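Me: I am new to this structure. Let me see it, and then I will ask how its labels are earned.

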2 protein chains.
Amino acid sequence: MERPTIKDVARRAKVSLGSVSRVLNNFPDVNPAIRKKVGKAIADLDYTPNAMARSMRNGATGMVGVLVRNIVIPSLASFVRAIQDELLDAGYVPLIACSDNHKDREIALLGLFAQRRMEGVIMLSASDRDPDLVGARADLSVPVVLFDRAVPEDRDCVLVDHRRGLQEATAYLLGMGHKRIALVTGPRGVYPTTERLAGYRAAYATAGLRPDPGLIVTRSFEDEVTRATVAELIARKDRPTAIIMGGTTTLPGAIEAIKQKGLVIPKDISLIGAINSDLSALANPPVTVIHWDYEAIGRAAAQLLLQRIANPQRAPQRQTFPTQVIFRESCIPPHR
Amino acid sequence: MERPTIKDVARRAKVSLGSVSRVLNNFPDVNPAIRKKVGKAIADLDYTPNAMARSMRNGATGMVGVLVRNIVIPSLASFVRAIQDELLDAGYVPLIACSDNHKDREIALLGLFAQRRMEGVIMLSASDRDPDLVGARADLSVPVVLFDRAVPEDRDCVLVDHRRGLQEATAYLLGMGHKRIALVTGPRGVYPTTERLAGYRAAYATAGLRPDPGLIVTRSFEDEVTRATVAELIARKDRPTAIIMGGTTTLPGAIEAIKQKGLVIPKDISLIGAINSDLSALANPPVTVIHWDYEAIGRAAAQLLLQRIANPQRAPQRQTFPTQVIFRESCIPPHR
DNA sequence: TTGTACGCGTTATCAA
DNA sequence: TTGATAACGCGTACAA
């Protein structure tokens, strides 16, 4: 019931181990007769080479770890999907795992990657600079490509130009006459949040205005949190006239909170989300979003890693990908 | 720059290979002094055991292949996610891959699973009975748990009770007075399609009516196809008064097609989708859907596989999971 | 209780 | 061109 080994094939074909191996890795100098016999034996036994033994022998597993927050988030899924396709094309196999943005889980999974001897890792870390996480990444001792995390040390990474996106979106609302624009995004200290804040502030500065600090909420990307945040914001007496949701998964909660409060988009409040989606396109009204191309970023991340694996001495690269505002009907000038 | 091996640890701790191994697998009878020395050496060298070598030695990789159509589909992602959590808890590592419902790709990935010596596979195959796919599954020679595919041979599988869901949904519409109810679902011959057809027909039969065969479209689950199908259906002179979308990813296309035609849900046409989602809950109007719990099914699939790996002799199990209609505002009685 | 030696399935080196 | 053999990193009988 056990799988046949190269030995069984050799025995059956009445040739030596080496010959079978040579046929398998189609070496040029092998007698056609032997090649034929071996081919037959392989077919007869339904032999499949053992990748484990192979990688033991040549010291490379041909595997790459891919770690994201949660595969159930469609944008992250398409990021992972693009990576998978790119890696498979290059003869590598991705090992995909979800950290839930949880530090301990992330460390545990990196440990798993280390045990399984991944040749590289592409990851969306819970933090750019948490020392434990930085340490866990270093312990891997293989190339790491970070997504949307800007590390102090020189490292390969692929980034989204959130700053630009937020600047554009905020300027768009300011141009309409909005003065009280809320920004709801993730925790401080993490790259996307930092960049979004910068873009938001830059737009205000350019307009010669000052944002109300009370309208900037940087708590967490978790749905329950951002949902509650929106509910709070719109419950205030001096509620914002517009809200920008700076988080990929936060639009449904915002729409629902607004709906529950009995407010109407865009009449009572303007809304901008992040990442194009079925919901944003087909909601009533369709929602303006800041979009970026997760697939392109995934492909780039994979290529970056493959190049780095091929040439560990290469200078680290930092690639930034553009954002694009998709204008729809969820924003109009504020009352009066 | 190479990773240290158990040998390096032994050398540094000035003990034998065997002792290190015994410490690693914490055997009871090992001198605390040695244990301590080894622990220190491991920490000093930042040693991590090589899972590859381990699995070579004990003939088990601790890995399970997980194959789905496309991880970007949120319901499939949560299915995979649940499997991942369950497997990791049990000490197994999932190797996740997407087939795009493409036969060749599915076969190639099963081959990859075989090479990497997966101890079992959970999969959503492109077909129940295509001989090539059946063959590829058999070639694995490890336990396979199928999702939503009912195979002739006895096999472990987890199924969704699509028949029941469709019967309920169809009866609901018939009860409202609809007579021309369209059913748009996947290709014939595959379990979910078969079951949906059966449920749909059963509801008509119970009501003493006959469905118009022209309203039953079984082409493909692909978005472009179902979208075009809906567009065709509603362009007809005798268009249906209600449509049931029997496919997890087909709701956005249907809503959009209806919108483009200038029809209004539910005034002009009633609509029922599959699987609860942001879109169905927050669309205008919210859309009635047939729902089932992908996470529960994923967990069950993982458990089934784990049990089967532990005991290959166990009788094959077939678990069926319930569907539930979530009633919303997308259905009203037809005109006149 | 600890150390030694073999074997897991490959590939690569060497001699024939 | 082919066959024999060592080595990859580990676990485990077996001997000490």
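Me: What makes up the surface near DNA strand C, by class?
Reply: This is a predicted model. By class, that surface has 11 nonpolar, 10 polar and five charged residues.

Me: What makes a residue count as near DNA strand C?
Reply: Its C-beta atom, placed from the backbone, must lie within 6 Å of the strand. 26 residues surround DNA strand C. A:Ile6, A:Asn50, B:Ser16, B:Gly18 and B:Asn31 are the closest.

Me: Which helices each supply at least two residues of this surface?
Reply: From chain A, they are α1 (6–13), α2 (17–24) and α4 (51–58). From chain B, they are α2 (17–24) and α4 (51–58). The largest share, five residues, comes from α4(A).

Me: Why are β9 and β10 of chain A called paired?
Reply: Pairing takes at least two bridges, and three join β9 (residues 270–274) to β10 (residues 288–291), so the two strands pair. They run parallel. A:Gly273 stands opposite A:Val289 in β10(A).

Me: How do you know that β10(A) also pairs with β12 of chain A?
Reply: The same test applies. Three bridges join β10(A) to β12 (residues 324–326), and at least two are needed, so these strands pair as well. They run antiparallel. Here A:Ile290 stands opposite A:Val325 in β12(A).

Me: Which domains does the assignment give for chain A?
Reply: Domain 1 covers 6–47, domain 2 covers 60–159 + 294–320, and domain 3 covers 162–291. The centres of domain 1 and domain 2 of chain A, taken over C-alpha atoms, are 38 Å apart.

Definitions and conventions: Residues are numbered from 1 along each chain as its sequence is written. Chains are lettered from A and ligands numbered from 1 in the order in which they are written. This is a predicted model: local features need pLDDT of at least 70, side-chain atom pairs count only at pLDDT 80 or more; totals for chains, interfaces and linings use all residues. Domain bounds come from an automatic or database domain assignment. Helices (H or I, at least four residues) and strands (E, at least two) are DSSP runs, numbered from the N terminus. Ala, Val, Leu, Ile, Met, Phe, Trp, Tyr, Cys and Pro count as nonpolar, Asp, Glu, Lys and Arg as charged, and the others, Gly among them, as polar.
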